[in-house]
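Work through the exercises below with the sequence and the 3D view at hand. Each task is followed by a solution in steps.

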Amino acid sequence: MSEQVLIQFRADKALKQEVAEIYEKLGLDLPTAFRMFMAKSKMVKGLPFEAMLPEDTITRAEAKNAFYELRKQAADVPEMTLDEINAEILAVRKERKERQG
């Protein structure tokens with residue numbers, strides 16, 4: 001067996017937990033999954049998955065302008081009371097139930 005080395009890195013706690021749960025369902029622990037990642041990287045001589053930027057990207061300014069435009073549109077929407085919102089929800093649920101039944 002070749003010489004072993006310790007590899008350490010920092011990761012977001014929630015991300016680590018979520019990924020660990022996925023690997024556990026596959027019968028793997030994190031160290032085994034990372035060793036598999038490294039072995040596959042060696043085989044393909046690169047990342048073992050496709051990595052590219054999306055073709056359709058927008059600039060920060062475009063995103064900001066889109067946000068403010070949506071806010072303007074939302075300003076024209078009339079306010080609803082909680083009772084009105086609940087009445088709409090109940091009406092939609094009743095309509096769905098009638099279609100299904």
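**Exercise 1. A charged pair**

Why are Glu 95 and Arg 99 separated by about one helical turn?

Solution. The structure is a predicted model.

Step 1. Locate the residues: Glu 95 and Arg 99 are both in helix 4, which covers residues 82–100.

Step 2. Use the spacing: the two are 4 residues apart in that helix, so about one helical turn separates them.

Step 3. Check the contact. Glu 95 forms a salt bridge with Arg 99, and the closest N and O atoms are 3.5 Å apart. The cut-off for such a bridge is 4 Å. A search of the whole structure gives 1 salt bridge.

Step 4. Look at the surroundings. Glu 95 has a relative accessible area of 46% and is partly exposed, while Arg 99, at 63%, is exposed.

**Exercise 2. Overall form of the chain**

State which secondary structure elements the chain has, and decide whether the chain is more spread out than a compact globule or not.

Solution.

Step 1. Count the elements: the chain has 4 helices and 0 strands. Read from the N terminus, the order is α-α-α-α.

Step 2. Compare the radius of gyration with the globule rule. The chain has a radius of gyration of 25 Å, whereas the rule gives 13 Å for 101 residues. The value is well over the rule, so the chain is more spread out than a compact globule.

Step 3. Add the outer dimensions: along the principal axes, the C-alpha atoms fill a box of roughly 70 × 45 × 25 Å.

Step 4. Add the burial: 4% of the 101 residues count as buried.

**Exercise 3. Aromatic pairs**

The whole structure holds 3 aromatic pairs. Classify the pair Phe 9 and Phe 34, then the pair Phe 37 and Phe 49, by geometry.

Solution for Phe 9 and Phe 34.

Step 1. The ring centres are 5.6 Å apart and the planes stand at 70 degrees. Angles over 60 degrees count as edge-to-face, so Phe 9 and Phe 34 form an edge-to-face pair.

Step 2. Phe 9 belongs to the segment before helix 1 (13–25), and Phe 34 to helix 2 (residues 30–44). The pair links distant parts of the chain, 25 residues apart.

Step 3. Phe 9 is exposed at 55% relative accessibility, and Phe 34 is partly exposed at 34%.

Solution for Phe 37 and Phe 49.

Step 1. The centres of these rings lie 6.2 Å apart with the planes at 40 degrees, so the pair is tilted.

Step 2. Phe 37 is in helix 2 and Phe 49 is in the loop between helix 2 and helix 3 (60–75), so parts 12 residues apart in sequence are tied together.

Step 3. Both rings have a partly exposed residue behind them: Phe 37 has a relative accessibility of 35% and Phe 49 one of 47%.

**Exercise 4. Two pockets**

Which residues line the largest pocket, and which line the second largest pocket?

Solution.

Step 1. The largest pocket has a volume of about 390 Å³. Its lining consists of Ser 2, Glu 3, Gln 4, Val 5, Leu 6, Ile 7, Phe 9, Leu 30, Pro 31, Phe 34, Arg 35 and Met 38. By type these are 8 nonpolar, 2 polar and 2 charged residues.

Step 2. The second largest pocket holds about 240 Å³. Phe 9, Arg 10, Ala 11, Asp 12, Lys 13, Leu 15, Lys 16, Val 19, Tyr 23, Leu 30 and Phe 34 line this pocket. The division is 7 nonpolar, no polar and 4 charged.

Step 3. Assign the second lining to elements. Helix 1 and helix 2 each supply at least two residues, and helix 1 gives the largest share, with 5 residues.

Step 4. Compare the lists: Phe 9 and Phe 34 appear in both linings.

**Exercise 5. The loop between helix 2 and helix 3**

Where is Lys 45 found, and is Lys 45 buried or exposed?

Solution.

Step 1. Lys 45 is found in the loop between helix 2 and helix 3.

Step 2. Lys 45 has a relative accessibility of 75% and therefore counts as exposed.

Step 3. Check the backbone: phi of Lys 45 is near 55 degrees, a positive value in a residue other than glycine.

Step 4. Turn to Phe 49, which lies in this loop between helix 2 and helix 3 as well. From Phe 49 to Glu 95 the distance is 45 Å, C-alpha to C-alpha, with their positions 46 residues apart in sequence.

Key. Residues are numbered from 1 along each chain as its sequence is written. This is a predicted model: local features need pLDDT of at least 70, side-chain atom pairs count only at pLDDT 80 or more; totals for chains, interfaces and linings use all residues. Side-chain values use heavy atoms; hydrogens and water are left out. Rings of Phe, Tyr and Trp (its six-membered ring) pair if their centres lie within 6.5 Å; planes under 30 degrees apart count as stacked, over 60 as edge-to-face and the rest as tilted. Buried means under 20% relative accessible area, exposed over 50%, partly exposed in between (1.4 Å probe, protein chains only). A salt bridge is a side-chain nitrogen of Lys or Arg within 4 Å of a carboxyl oxygen of Asp or Glu. On a 1 Å grid over the protein atoms alone, a cavity is a set of points where a 1.4 Å probe fits but cannot get out, and a pocket is an open set with protein on both sides within 12 Å along at least five of seven lines; lining residues have an atom within 4 Å of a point. Grid points are joined across faces, edges and corners, and a volume is the space filled by probe spheres set on the points. Ala, Val, Leu, Ile, Met, Phe, Trp, Tyr, Cys and Pro count as nonpolar, Asp, Glu, Lys and Arg as charged, and the others, Gly among them, as polar. The radius of gyration is taken over C-alpha atoms; the globule rule is 2.2 Å times the number of residues to the power 0.38.
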